[in-house]
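The following exercises are to be worked through with the sequence and the model at hand. Each task is followed by a solution in steps.

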Amino acid sequence: QVQLVETGGGLVQAGDSLRLSCAASGRTTSRGAMGWFRQAPGKEREFVTAINWNGGGSTNTYSADSVKGRFTISRDNAKNTIYLQMNSLKPEDTAVYYCAAVFRLTTLMSRQTAVRDYDYWGQGTQVTVSS
């Protein structure tokens, strides 16, 4: 089993920055993907960004159009942790942010953007952006 623990949510003003972290523990592998989804009240959970990695040290990142240029995902291999750096936050970014992981990958360049693509989920962390 794998456990995901998210930290870093909070209340900020529009235009501010915030960084989320997600640490994975348990039966992880050298090949997989981790990503962030978010869910606003009354809406479905939506893909934000993800990072794929393989055992050779290469990575592939991809993001939803709504966050490109503002959000950046990164991974610390040694800590089995991913980060979501969120800049220029907008009120519409307000949501519960969930970390997700899958430890089986077809190719490095595959895109895991659906909820069903992931096997493990964190508990979620609230991000609120005031105007």
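**Exercise 1. Locate Leu20 and describe its surroundings.**

Leu20 is placed in strand β3, residues 18–26; strands here are DSSP runs of E with at least two residues, numbered from the N terminus, and helices are runs of H or I with at least four. The model is a predicted one, in which local features need pLDDT of at least 70 and side-chain atom pairs count only at pLDDT 80 or more, while totals for chains, interfaces and linings use all residues. Residues are numbered from 1 along each chain as its sequence is written, and side-chain values use heavy atoms, with hydrogens and water left out.

Step 1. Is Leu20 buried or exposed? Its relative accessible area is 0%, so Leu20 is buried (buried is under 20% relative accessible area, exposed over 50%, partly exposed in between, with a 1.4 Å probe and protein chains only).

Step 2. Gly8 lies twelve residues from Leu20 along the chain, and the C-alpha atoms of the two are separated by 4.5 Å.

Step 3. Contacts (heavy atoms within 4.5 Å) are then listed, leaving aside neighbours within four places in sequence. Those of Leu20 include Gly8, Trp36, Leu84, Met86, Tyr97 and Val127.

**Exercise 2. Determine which side chains of strand β7 are buried, and how β7 pairs with β8.**

Step 1. In a regular strand the side chains alternate between the two faces of the sheet.

Step 2. In β7, residues 71–76, one face carries Phe71, Ile73 and Arg75, which are buried; Thr72, Ser74 and Asp76 point to the other face and are not buried.

Step 3. Strand β8, residues 81–86, runs antiparallel to β7, and six bridges join the two (strands pair if DSSP finds at least two bridges between them). Ile73 has Leu84 of β8 as its bridge partner.

Step 4. Four residues lie between the strands of this hairpin, where Asn80 takes a positive phi near 50 degrees.

**Exercise 3. Find the disulfide and give its handedness.**

Step 1. With a disulfide taken as a pair of cysteine sulfur atoms within 2.5 Å, the count is one.

Step 2. The disulfide joins Cys22 to Cys99, with an S to S distance of 2.0 Å. Cys22 belongs to strand β3 and Cys99 to strand β9, 77 residues apart, and the pair thus links distant parts of the chain.

Step 3. The torsion about the S-S bond of Cys22 and Cys99 is about -80 degrees, and the disulfide is therefore left-handed. Both cysteines, Cys22 and Cys99, are buried.

**Exercise 4. Identify the residues that touch the most other members of the largest nonpolar core.**

Step 1. Such a core is a set of buried Ala, Val, Leu, Ile, Met, Phe, Trp, Tyr and Cys residues joined through side-chain atoms within 4.5 Å.

Step 2. The largest nonpolar core has 26 residues, of which Leu4, Met34, Trp36, Phe71, Ile82, Met86 and Tyr97 touch the most other members. Among the elements giving two or more residues to this core are β1 (2–7), β5 (46–53) and β11 (125–130).

Step 3. Another core, of ten residues, lies apart from it and includes Ala33, Phe37, Ala64 and Ala100.

Step 4. Not counting residues up to four places away in sequence, Met86 touches Leu20, Phe71, Tyr97 and Val127, among others.
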